[in-house]
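Please open the structure in your viewer with the backbone drawn as a cartoon, and keep the side chains ready to be switched on as the tour moves along.

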Amino acid sequence: MGYLDKTNIQDFSGDNFTIIKEGANVRFSKKTEGQYGGSYVDNNYVSVFTRSIASLDFDSVLMSGLGIGVLAQWCATEKGASTVDVVELDSELCTAVNDMNYLSPSVNIINEDIYTYTPTKTYDLIIFDHWFFPDKDYASQKESLTSHFLSYLNTEGVLFYAVNNEIIS
């Protein structure tokens, strides 16, 4: 992953997540309902989530879900976005990633809940890449987020749901 310098990424075990560096790979796992689920973070991981937006031009991005910041870093370094605001609910994860200091200076981590967050500006691209609540209906969560965030898009801006590579404009 040329856009993510893993030199400063360190093993970390939080209350609800783990970051494990295994040679050239990094494994990020998130605990949901007492179970850990996660994946190795590599070029393939990002290409799966970016195939629908790779051809888009954008300068400002709002996204939900930090993970270890790979998608945010891709937006900043590969796509040249000058602003990448990432809303993440887990304060321990926000602190850990900030402390490791490996993300681009254009990535701004905001410790809030995406379902109650109100942006102060508009964006070219809004990405929803957080863990959806398994006890709630995905369609209703998507409808709620779409109706709230459509007004925070710039002209020609799009919403992107990474979980199913869906673009809404």
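The tour below makes three stops in what is a predicted model.

Begin by selecting D11, which lies in the segment before β1 (12-13). Show the residues around D11: beyond its neighbours within four places in sequence, D11 is in contact with I19, I20 and K21. Of these, K21 deserves a closer look, since a polar atom of the D11 side chain lies 2.6 Å from the backbone nitrogen of K21. If you then add F28, 17 residues away from D11 along the chain, you will find the two C-alpha atoms separated by 9.7 Å.

Next, select strand β6 (residues 83-88) together with strand β7 (residues 107-111), which pair in the parallel sense over five bridges. Within this pairing, V84 stands opposite V107 in β7. To follow the connection, add helix α3 (residues 91-100), through which the chain crosses from β6 to β7 in a right-handed β-α-β crossover.

Finally, move to helix α4 (residues 138-149), whose 12 residues should span 16 Å at 1.5 Å a residue, in agreement with the 16 Å between its end C-alpha atoms. Colour Q141, K142, L145, T146 and F149, the residues that are buried in α4. Looking down the axis of α4, you will see the buried residues fall within an arc of 125°, so they line one face of the helix. What covers them includes β5 (60-64), β8 (123-128), β9 (153-161) and β10 (166-168), whereas the face of α4 turned away from the buried side carries the exposed residues E143 and S147.

Conventions. Residues are numbered from 1 along each chain as its sequence is written. This is a predicted model: local features need pLDDT of at least 70, side-chain atom pairs count only at pLDDT 80 or more; totals for chains, interfaces and linings use all residues. Side-chain values use heavy atoms; hydrogens and water are left out. Helices (H or I, at least four residues) and strands (E, at least two) are DSSP runs, numbered from the N terminus. Contact means heavy atoms within 4.5 Å. A polar contact is a pair of N or O atoms within 3.5 Å; within protein, one must be able to donate a hydrogen and the other to accept it, and residues adjacent in sequence count only if both atoms are side-chain atoms. The expected span of a helix is 1.5 Å times one less than its number of residues. Buried means under 20% relative accessible area, exposed over 50%, partly exposed in between (1.4 Å probe, protein chains only). The arc is that of the directions from the helix axis to the C-beta atoms. Two strands pair if DSSP finds at least two bridges between them. A crossover is right-handed if, with the strands pointing away from the viewer, the path from the first strand over the helix to the second runs clockwise.
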